[in-house]
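This briefing concerns core packing and helix crossings. Please examine the sequence and structure shown here before reading the points that follow.

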Amino acid sequence: MSHDGMLQALPKVELHRHLDGSVRIQTIWDIASEAGLDVGARTLEELRRAAVIREPVHDLGQALARFETQRKVLHSFDAISRVTRENVEDAFRDGVRVLELRFAPAFIADGTALSNDQIIGGVLDGMLKGMAEFPVEVGLIGILPRGCPVPVNARALDDLLRWRKGGAPGADRICGLDLAAMEAGIDPLPFVPLVRRARDAGLGITIHSGEDTDAAHVARTLDLFKPTRIGHGIRSWGNTEVMRRLKEEDVLLEVCPTSNWLTSAVPSLAAHPLPGLYRAGVPVSINSDDPNLMGINLVNEYEVCADLYGFTEKDFAAITKAAWEHSFLHRVPGFSGRTPPWLHLQEDLSH
Ligand SMILES: [Zn+2]
């Protein structure tokens, strides 16, 4: 497909973007300079070389360590608000019209004096500023990192649910819960009651699973957490039973091709299971994960899909429709049922 500007202009639904994993490098530099924070670089160029993952790292654990620089600058209400607003702007420039941004209060708070209230308040402030400037519908997903102590995560969930019901502007856009970070070797059982509580409170559930772990982990995730979406889930590929379940149970995979390559979850972009999963009828969406950390944007991911997997405009239309249908924004009061006109255009293409 020739796609000068065309892929950028396609209206998109992005469901998997970490605001605490996608701080612009310039912003890291600005905030660190202003606040006198040590981010291990003397110049902006040095920071760019150190902070962006451009070549595959050894494994997911090594990639997660790079988040530390990003986390460090999320040190105040104002910094969190700025980064959130910029995430909305960056997504808008990728052609995103419906965006779900996720963040982990326990991760951002780690090593700082920030309260969950300051963090959640800062995210809402930045989200509202972004939405006022750019025509993007934004929903928020709270993340519980599996490596954090369960009581810390339980408190984060309490606080997210309290804000959601509290009536602050934009707080009803907290519409999802996610478990993230390393899956291998972590007992999922302590998270079962937390996820149940989130679901009972009306949040949509998505779980990072089958990113660098096998299809059995995805099956266990489906059994334990009954999510309607899975972060990555790419290791389902080749497991007929798990793929059948994803189709029958209508569980959508939030796929992030370049992220998977850079964390060495797949050997190459060309060998990514996304086209196989899609053509086998597994619901999928296309996402950027941590674009600024990985030196990409969502348009890059669409280019990968067009150039390497042969996705056409029709395929993108079908994928966008599936993402829209699986969006947690439908859980936000007053949002449900408003199908955007550009989705109708895409629906015409998908038939
Ligand atoms: Zn992720």
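Apart from its neighbours within four places in sequence, Val-284 is in contact (C-beta atoms, placed from the backbone, within 7 Å) with Leu-252, Leu-253, Val-255, Leu-274, Leu-277, Tyr-278, Ile-319 and Ala-322. This is a predicted model, in which local features need pLDDT of at least 70, side-chain atom pairs count only at pLDDT 80 or more, and totals for chains, interfaces and linings use all residues. Residues are numbered from 1 along each chain as its sequence is written.

**Nonpolar core**
- The largest nonpolar core (buried Ala, Val, Leu, Ile, Met, Phe, Trp, Tyr and Cys residues joined through C-beta atoms within 7 Å; buried means 20 or more other C-beta atoms within 10 Å of a residue's own) has 101 residues, of which Ile-28, Val-123, Leu-253, Val-284 and Tyr-302 touch the most other members.
- Helix α16 (residues 313-325) gives the most to this core, contributing seven residues; helices are DSSP runs of H or I with at least four residues, numbered from the N terminus.

**Helices α2 and α3**
- The axes (lines fitted to C-alpha atoms over the stretch in contact, with angles from 0 to 180 degrees between N-to-C directions) of α2 (residues 25-35) and α3 (residues 44-51) come within 10 Å and cross at roughly 125°.
- α2 is therefore oblique to α3, as angles outside under 35, 65 to 115 and over 145 degrees count as oblique.
- Ile-25, Ile-28 and Trp-29 of α2 meet Leu-44, Leu-47, Arg-48 and Ala-51 of α3.

**Helices α6 and α8**
- The axes of α6 (residues 77-93) and α8 (residues 116-133) come within 7 Å and cross at roughly 40°.

Note on methods
Helix = DSSP H or I, 4+ residues; strand = E, 2+ residues; numbered from the N terminus. Contact = placed C-beta atoms within 7 Å. Buried ≥ 20, exposed ≤ 12 C-beta atoms within 10 Å, placed from the backbone.
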